Every structure is written in C-alpha cells, then in structure tokens.
Amino acid sequence: MFRVEKPCGTGPYAEEEDHPMLRHMYLSHGDEDHPEPADDSLLNGIGADEVCGFPTLDALEDWFAGYEDPLAELGYEIVIYSLPVSSVRYGHQQAVFVREHAVPVKTWSLV
C-alpha cells in the first residue's frame, strides 16, 4: 500500500497546511475524481483505526498530481506499507487500511 504522510504518520488531509497550493488541493479534492471515503460508495466511510492509501504508485501519483512539490516542501513523503489483504478496503480511487496492521517497508521522496 502506498501512502503520503509525514514522518510522524500524519497524512495531508489530517490538518490543513498553510500553503497556497495545498489550500487549492483541499478545495478541489472531494470531487468525483477525488472522493472522500464517506462519499465513495465502495468505502462508505473510514474507521477510526484506518488511514487512506493507494494500491499502486500510479494511483497515488494521479491523486496528488501537481501537488508533489508543496507536499515535499512541508515534509510529506511516500511510505510503502506491507499488510494483510484482510486489513484493506478498496474504494474507487483510493483505499483505506488498518494502520496497526501495516508495516512500513520503504520511504520515497515525492519529488
């Protein structure tokens, strides 16, 4: 599973960052191409023990296209996790997974 997060594990939607490009991202995401877990009919929300991620690097790159530089400037990275299939729920564009069951395997820079 691929996820964008800071070294502390916080994702870019956990709290809004004060960066003009990311403010734009927060406003533009939540549309049909970037549905929130609650708006994704395959996910029907996100559990308290779950976080968002992507099944492929291509899906992650498509989701965050154009926002890689500001995310990297603010300390976000791509973390690759290994976890049991039973701990993942797949949505239309992204997935959610149980953080407690995930083991970080590798970290990559966004840029």
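Leu-60, in this predicted model, is in contact with Phe-2, Arg-3, Val-4, Phe-54 and Ile-78 once its neighbours within four places in sequence are left aside. Two of the names in that list lead on to other features of the model: Val-4 to the nonpolar core, and Phe-54 to an aromatic cluster.

**Nonpolar cores**

The largest nonpolar core has 16 residues, and those with the most contacts inside it are Val-4, Leu-60, Phe-64 and Leu-71. At least two residues of this core are supplied by each of strand 1 (2–5), helix 1 (20–28), helix 2 (57–63) and strand 3 (77–82). A second core, separate from the largest one and made of nine residues, includes Val-79, Tyr-81, Leu-83 and Phe-97. In soluble globular proteins, nonpolar side chains tend to be buried together.

**Aromatic rings**

The count of aromatic pairs comes to six, and two of these pairs are set out below.

| Pair | Distance of centres | Angle of planes | Class |
|---|---|---|---|
| Phe-54 and Trp-63 | 5.5 Å | 55 degrees | tilted |
| Tyr-81 and Phe-97 | 5.5 Å | 50 degrees | tilted |

The planes of Phe-54 and Trp-63 stand at 55 degrees, so the pair is tilted, because planes under 30 degrees apart would count as stacked and planes over 60 as edge-to-face. Phe-54 and Trp-63 are both buried, and they belong to one aromatic cluster that they form with Tyr-13, Tyr-26 and Phe-64. Phe-64 is also among the residues with the most contacts inside the largest nonpolar core.

For Tyr-81 and Phe-97 the planes are at 50 degrees, so this pair is tilted as well. The pair links distant parts of the chain, since Tyr-81 lies in strand 3 and Phe-97 in strand 5 (residues 95–98), 16 residues apart. Both Tyr-81 and Phe-97 are buried, and both are included in the second core.

**The largest pocket**

About 450 Å³ of space lies in the largest pocket. Its lining is made up of 24 residues, of which Tyr-13, Ala-14, Pro-37, Cys-52 and Gln-94 are the closest to the centre; Tyr-13 is also one of the members of the aromatic cluster. The elements that give two or more residues to this lining are strand 1 and strand 2 (50–53), and strand 2 contributes the largest share, four residues. By residue type, the lining of the largest pocket divides into 13 nonpolar, eight polar and three charged residues.

Notes
Residues numbered from 1 in each chain as written. Predicted model: local features only at pLDDT ≥ 70, side-chain atom pairs only at ≥ 80, totals over all residues. Heavy atoms only, no water. Core = buried A, V, L, I, M, F, W, Y, C linked by side-chain atoms within 4.5 Å. Buried < 20%, exposed > 50% of the residue type's maximum accessible area, 1.4 Å probe, protein only. Contact = heavy atoms within 4.5 Å. 1 Å grid on protein atoms, 1.4 Å probe; cavity = no way out; pocket = protein on both sides within 12 Å on 5 of 7 lines; lining within 4 Å. Points joined across faces, edges and corners; volume = space filled by probe spheres on them. Nonpolar A, V, L, I, M, F, W, Y, C, P; charged D, E, K, R; others polar. Phe/Tyr/Trp six-rings, centres within 6.5 Å; stacked < 30°, edge-to-face > 60°.
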